[in-house]
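Okay, thanks everyone for coming. I want to spend a few minutes on how some helices in this one sit against each other, and then on a pocket. Here it is on the screen.

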Amino acid sequence: MLCDGDFVKSDLTQGNIFATLLRLALPIAASQAMQMAYNLTDMFWLGRVSSEALAATGAAGLFTWLAVGLMMVGRIGAEVGVSQARGRGDIVAAYDYSRNALYISAVLGVAFAVFLFVFRVPLVGFFRFEEASVAADAALYTGITAFGLPAVYITSAITGSFVASGNSRTPFLVTSGGLILNMLLTPIMIFPLGMGVFGAAVSSVASQTVVLVISLYAIKRFRYRPFAEYRFFEGVKPLTKTTKEIFSLALPVSLENTLWPLLTIVTTRIEASFGAIAVSISRVGIQVESLSWLVGAGFGAALTAFVGQNFGAGEFLRIKKGVQYAAFSLIAWGAFVTLFMWFGAGAVYNLFFPHYRDYAEVRSLFITHMRILAVCQIFANMEYVAANAFRGKGRTIPPSIASISSNMIRVPLAFFLSLTPLGVLGVWAAISFTAGLRGVVVSVWYIFEFSTRQKS
């Protein structure tokens with residue numbers, strides 16, 4: 001029998017709004033922090049192998065980032081569909097959304113993994129690395145990590161069901177366990193076992209598989225699971241009404257998250273024309289910049305679930321207050337990240353580029369890169385608020401249009417500026433400008449639409 005009762009961690013339509021958002025957002029943000037810590041640890045160890053190894057895994061990582069586009073179909077389907085159904089009090093529909101999102105994720109995960117493995121060499125060849133060893137390591141890393149993608153896709157859908165039901169703590173604990181395992185395995189495989197880039201990739205796949213197994217067990221057996229019963233294979237039907245609704249909700253987000261890394265791959269190719277060190281600087285800078293999205297994505301996912309449940313329940317004033325709380329919090333966080341990136345760039349450089357510690361030119365380039373990215377952080381955090389408030393209401397098209405239109409400017413602008421005396425700095429300036437533009441456009445759109453409906 002389907003029911004929620006004690007199986008749901010919290011009802012997001014009741015209680016203190018800020019406390020509810022914070023309780024849901026903090027575990028998600030902590031999960032993102034763990035992911036960033038792993039990425040930085042991975043780069044820390046690979047940076048001690050060589051800058052070429054760091055560049056190779058950084059470039060290969062763009063392809064797994066590309067996988068996020070399709071992964072968002074199941075994740076958004078679960079977050080929006082389950083949360084709105086729960087807000088309406090329709091537990092049967094919530095369960096239907098959850099299971100369909102899981103099936104979709106499994107199929108798409110396998111399909112993209114096969115694509116990435118088969119075409120890994122020509123994909124890496126797109127970057128036209130001058131160093132043959134970098135291209136070979138990037139292809140190797142891409143091919144191995146492809147095997148972990150189905151696990152990542154399915155885990156993401158399960159996480160979406162938990163969060164939409166008001167429980168972000170369980171996914172945090174499960175994900176954190178896998179990331180800690182990864183952080184322990186990576187240096188062992190790279191150095192004592194002498195496996196280098198190969199070892200880093202294998203440790204990632206092993207950890208992702210462990211997280212999948214625990215996640216599957218969690219949604220069936222853990223105390224605060226979303227549903228009293230969860231049957232993976234009972235009544236599997238392709239192309240149901242719910243499946244079509246999930247694709248309708250998620251395709252704009254999927255397209256947005258697919259186009260973004262594709263454009264990043266193109267800009268990385270432009271960066272690669274300035275040498276492997278430019279790619280290495282960019283990859284490390286992006287990981288440091290992820291200080292913004294680790295909190296922004298946490299509040300964003302929490303806001304999607306919060307808005308979704310309250311939208312389903314018709315609690316519109318509660319939605320307005322929740323969006324305001326999230327906006328104030330993320331603008332303050334964006335200001336903090338801006339200051340850290342501006343004034344802490346030198347310390348970050350010393351940590352991740354020990355081989356180049358005495359190279360003043362490289363150090364100056366890295367610090368300038370960090371400061372260029374710092375400029376857009378407040379605006380980027382504004383995007384998380386407006387975009388996820390839209391999505392919680394089932395309005396996935398506006399934030400995707402804002403994001404896609406802003407990102408389409410990036411490549412021609414980066415190419416043009418790279419031909420000026422700015423060189424690679426022009427590429428980074430284009431990235432920062434378009435990231436800020438996304439935040440401004442979607443925020444203005446949300447404010448305009450909300451104020452117009454209030455007046456009417």
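So, α11 passes α15 in a right-handed crossing. This is a predicted model, by the way, so keep that in mind throughout. α11 covers residues 276-313 and α15 covers 377-392, and the two pack at an angle of about 20°, their axes 7 Å apart. Angles under 35 degrees count as roughly parallel, and therefore α11 and α15 are roughly parallel to each other.

Who's touching whom? On the α11 side you've got E289, S292, W293, G296, A297, G300, A301, L303, T304, V307, G308 and F311, and they meet a set in α15 made up of Q377, N381, Y384, V385, N388, A389, R391 and G392. Sort that contact by class and you get nine nonpolar residues, nine polar and two charged.

Stay on α11 for a second, and look at α3, residues 68-88. The axes of α3 and α11 come within 6 Å, crossing at roughly 35°. Again the crossing is right-handed. From α3, the contact uses R75, E79, V80, S83, Q84, R86, G87 and R88; from α11, it uses A301, T304, A305, G308, Q309, F311, G312 and A313. The class split for α3 with α11 is five nonpolar, seven polar and four charged.

If you were watching the names, A301, T304, G308 and F311 of α11 turn up in the contact with α15 and also in the one with α3.

Next pair: α10, residues 241-272, and α17, residues 410-418. Their axes come within 10 Å and cross at roughly 10°, so α10 and α17 are roughly parallel to each other. W260, L263, T264, V266, T267 and I270 are the α10 residues here, with R410, V411, A414, F415 and S418 coming from α17. That contact of α10 with α17 has seven nonpolar, three polar and one charged.

Last thing, the pocket. The largest pocket has a volume of about 320 Å³. Which elements give two or more residues to its lining? Those are α12 (316-343), α15 and α18 (424-455). α12 gives the most, with five residues. The full lining is K320, V323, Q324, A327, I331, M382, V385, A386, S443, Y446, I447 and F450, and by class that's nine nonpolar, two polar and one charged. And notice V385: that residue lines the largest pocket, and it's also one of the α15 residues meeting α11.

Okay, that's me done. Comments?

Note on methods:
Residues numbered from 1 in each chain as written. Predicted model: local features only at pLDDT ≥ 70, side-chain atom pairs only at ≥ 80, totals over all residues. Heavy atoms only, no water. Axes fitted to C-alpha atoms, helices over the stretch in contact; angles between N-to-C directions. Helix = DSSP H or I, 4+ residues; strand = E, 2+ residues; numbered from the N terminus. Parallel < 35°, antiparallel > 145°, perpendicular 65-115°, else oblique. Left-handed = near helix turned anticlockwise from the far one by under 90°. Contact = heavy atoms within 4.5 Å. Nonpolar A, V, L, I, M, F, W, Y, C, P; charged D, E, K, R; others polar. 1 Å grid on protein atoms, 1.4 Å probe; cavity = no way out; pocket = protein on both sides within 12 Å on 5 of 7 lines; lining within 4 Å. Points joined across faces, edges and corners; volume = space filled by probe spheres on them.
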